[in-house]
Amino acid sequence: MITPHPQEGSFRLFKFRNIQVSVHWSWLIVAWFQIQRTQASREYLNPVWAAYEYLALFGIVLLHEFGHSLATRQVGGRSDNIILWPFGGIAYVQAPPRPGAHLWSIAAGPLVNVALIPVFWILSWWSEHYTESYELQMLLHSIYRINWVLLIFNVLPIYPLDGGQILQALLWYRLGYARALLIASGVGIAGTLALGIWVFSSFHSIYLPLMLLFLLINAWSSFQRARQLLTQGPPQDS
Ligand SMILES: [Zn+2]
């Protein structure tokens, strides 16, 4: 759900409801490292379970992105592409320029994660009571947790995360598009920096700082765009 990028360097996986799902080549490299990391931290007896866990993460991401895409179409917008990047999925959506349409197309993503909570809870509970496989139990527990982490992360009010975009859509009702974008992306820059300080002091990971840098660049370019719109007189301000 971030700003459009060129689709070069991505491989087509499949099409569903006329939405092309592709994976960027860099995903494959990061996946390799992340599967090693997962294996190191979980100590699955067979590393194939670490691969399952990583694929499950992106399965959840994909469902989340389909939430955005299908909701965007529901409100009369366009969405033809979902690309999986190492830092998550991006549904390339163009919702009609109305706050309500934007709000639904953004909120539908995290709502998919909300809907998945009871599904994964039941699966996790089932594995604990009805299977002997320690690996399967750990996998299903992890998937349950991953879904929660993705939900919480996505609803942080840090533009361009979904939470930040929801904030922007809500402010849009009262302040118009450009002013709402200015505030939401400003909060996004501050939030990313605060999160950055926390991440640097708490985790020894290269993945998280890179992800935050990606967020910061997006928030910064949106902030600049909002300022430009405000000085030039935005065409879609309402
Ligand atoms: Zn999303």
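**View 1. Ser 22 and the residues it touches.** Leaving aside residues up to four places away in sequence, Ser 22 touches Ser 10, Phe 11, Arg 12, Leu 13, Ile 82, Ile 83 and Leu 84 (contact means heavy atoms within 4.5 Å). What you're looking at is a predicted model, where local features need pLDDT of at least 70, side-chain atom pairs count only at pLDDT 80 or more, and totals for chains, interfaces and linings use all residues. Residues are numbered from 1 along each chain as its sequence is written, and side-chain values use heavy atoms, leaving out hydrogens and water. Ser 22 sits in strand β2 (helices, H or I with at least four residues, and strands, E with at least two, are DSSP runs numbered from the N terminus). With a relative accessible area of 4%, Ser 22 is buried (buried is under 20%, exposed over 50%, partly exposed in between, using a 1.4 Å probe and protein chains only). Don't look for Gln 165 beside it: the C-alpha atoms of Ser 22 and Gln 165 are separated by 24 Å, and the two residues are 143 apart along the chain.

**View 2. Strand β2, the home of Ser 22.** Here 6 of the 6 residues of β2 are buried, so the strand is largely enclosed by the rest of the structure. Follow the side chains and you'll find Ile 19, Val 21 and Val 23 pointing one way, with Gln 20, Ser 22 and His 24 pointing the other. Both groups are buried.

**View 3. The four-stranded sheet.** Reading across, the open sheet goes β1-β2-β3-β4, and its pairing is mixed (two strands pair if DSSP finds at least two bridges between them). β1 (10-16) and β4 (88-94) stand at the edges with a single partner strand each, so each has one side without a neighbour in the sheet. Helix α1 (residues 25-42) packs on this sheet and touches β1, β2 (19-24) and β3. Now for the pairs. β1 and β2 run antiparallel and are joined by 6 bridges; Arg 12 has Ser 22 as its bridge partner in β2. β2 and β3 run parallel, with 4 bridges between them, and Val 23 has Leu 84 as its partner in β3. Strand β3 (residues 78-85) and β4 run antiparallel, joined by 7 bridges. Leu 84 turns up again here, with Gly 89 as its bridge partner in β4.

**View 4. The turn between β1 and β2.** These two strands form a hairpin with 2 residues between them. Arg 17 lies in this loop, and its phi is near 50°, a positive value in a residue other than glycine. Asn 18 is in the loop between β1 and β2 too, with a positive phi of about 65° although it isn't a glycine. Arg 17 is exposed, with a relative accessible area of 55%, and Asn 18 is exposed, also at 55%.

**View 5. A small network of charges around Asp 80.** Searching the whole structure turns up 2 salt bridges (each is a side-chain nitrogen of Lys or Arg within 4 Å of a carboxyl oxygen of Asp or Glu). One pairs Arg 73 with Asp 80 at 3.7 Å, N to O. The other pairs Arg 78 with Asp 80 at 2.4 Å, N to O. That links Arg 73, Arg 78 and Asp 80 in a network. As for accessibility, Arg 73 is partly exposed at 28%, Asp 80 is partly exposed at 29%, and Arg 78 is exposed at 53%.

**View 6. The zinc site.** The zinc ion is coordinated by NE2 of His 64, NE2 of His 68 and two OD donors from Asp 162, at 2.0 to 2.7 Å (donors are N, O and S atoms within 2.8 Å of the metal, or 3.2 Å for Na, K and Ca; water is not among the atoms, so sites may look incomplete). Along the chain, the donor residues follow the spacing H-x3-H-x93-D. His 64 belongs to helix α2 (residues 48-74) and Asp 162 to helix α5 (residues 162-175), so this pair ties together parts that are 98 residues apart in sequence. His 64 and Asp 162 are both buried.

**View 7. A cis peptide bond before α5.** Look at the link between Tyr 159 and Pro 160: the peptide bond is cis, with omega about 10°. Pro 160 lies in the loop between α4 (134-154) and α5.

Key: Axes are lines fitted to C-alpha atoms, for helices over the stretch in contact, and angles run from 0 to 180 degrees between N-to-C directions.
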